[in-house]
Amino acid sequence: MGNGGGAVIMIAYIVIFGAFFYFFILRPQKKQQQQHDALMSELQPGDSVLTSSGFYGTVINISDDVVVVEFGNNKNCRIPMQKSAIVDVEKEEDGIVNEKK
């Protein structure tokens, strides 16, 4: 009978560790991914974006997974990049740029 109690305690530790892992690691990461997906679905030409490499630019064109972003004052610097490289979006409304989070 003494061995059965040890197995129950071990299973209880595994369940507690699994719940901790889910609530403190997986769940927040999933929520953050959903927020990023919502942000990307609202992306429109003219929006100001911040890329994962730290560059600010303006969206010129959007296709499925590729976004063409214009950087700096030079209108010839247009670079196609994946949507996943965009970290933050600032919406432009009536000539005023508003941060959208």
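Accessible areas here come from the Shrake-Rupley method with a 1.4 Å probe. With that in mind, let us walk through this predicted model, starting from its surface. The protein chain exposes about 7800 Å², and carbon and sulfur atoms supply 58% of that area. Of the 101 residues in the chain, buried ones make up 18%.

Next, the fold. The protein chain has one helix and six strands, and if you read along the sequence you meet them in the pattern α-β-β-β-β-β-β. How much of the contact network joins residues 24 or more positions apart? Among contacts in the protein chain with a separation of 6 or more, such pairs account for 35%.

Now for the interior. In soluble globular proteins, nonpolar side chains tend to be buried together. In this model, the largest nonpolar core has eleven residues: Leu-39, Met-40, Leu-43, Val-49, Val-59, Val-67, Val-69, Phe-71, Met-81, Ile-86 and Val-89. Three elements, α1 (2-41), β3 and β5 (86-93), each supply at least two residues of this core. Which of the elements gives the most to the core? That is β3, with three residues.

Val-49 is a good place to pause within this core. Leaving aside neighbours within four places in sequence, Val-49 is in contact with several other core members, including Leu-43, Val-59, Val-69, Ile-86 and Val-89. The contacts of Val-49 also include Phe-55, Tyr-56, Gly-57 and Asp-88.

Phe-55 brings us to the aromatic rings. The structure holds four aromatic pairs, and one of them joins Phe-55 and Phe-71. Why is this pair edge-to-face? The ring centres are 6.0 Å apart and the planes stand at 70°, which is over the 60 degrees that edge-to-face requires, so the pair earns that description. The pair links distant parts of the chain: Phe-55 sits in the loop between β1 (48-51) and β2 (56-62), while Phe-71 belongs to strand β3 (residues 66-71), 16 residues apart. Phe-71 has 12% relative accessibility and therefore counts as buried, the cut-off being under 20%.

Finally, a word on charge. Side chains of opposite charge can pair when their charged atoms come close. Here the count comes to one salt bridge. Glu-70 forms a salt bridge with Arg-78, and their closest N and O atoms are 3.0 Å apart. Are these two partners buried or exposed? Glu-70 counts as buried because its relative accessibility is 8%, whereas Arg-78, at 44%, counts as partly exposed.

Definitions and conventions. Residues numbered from 1 in each chain as written. Predicted model: local features only at pLDDT ≥ 70, side-chain atom pairs only at ≥ 80, totals over all residues. Heavy atoms only, no water. Phe/Tyr/Trp six-rings, centres within 6.5 Å; stacked < 30°, edge-to-face > 60°. Helix = DSSP H or I, 4+ residues; strand = E, 2+ residues; numbered from the N terminus. Buried < 20%, exposed > 50% of the residue type's maximum accessible area, 1.4 Å probe, protein only. Contact = heavy atoms within 4.5 Å. Core = buried A, V, L, I, M, F, W, Y, C linked by side-chain atoms within 4.5 Å. Salt bridge = Lys/Arg side-chain N within 4 Å of Asp/Glu carboxyl O.
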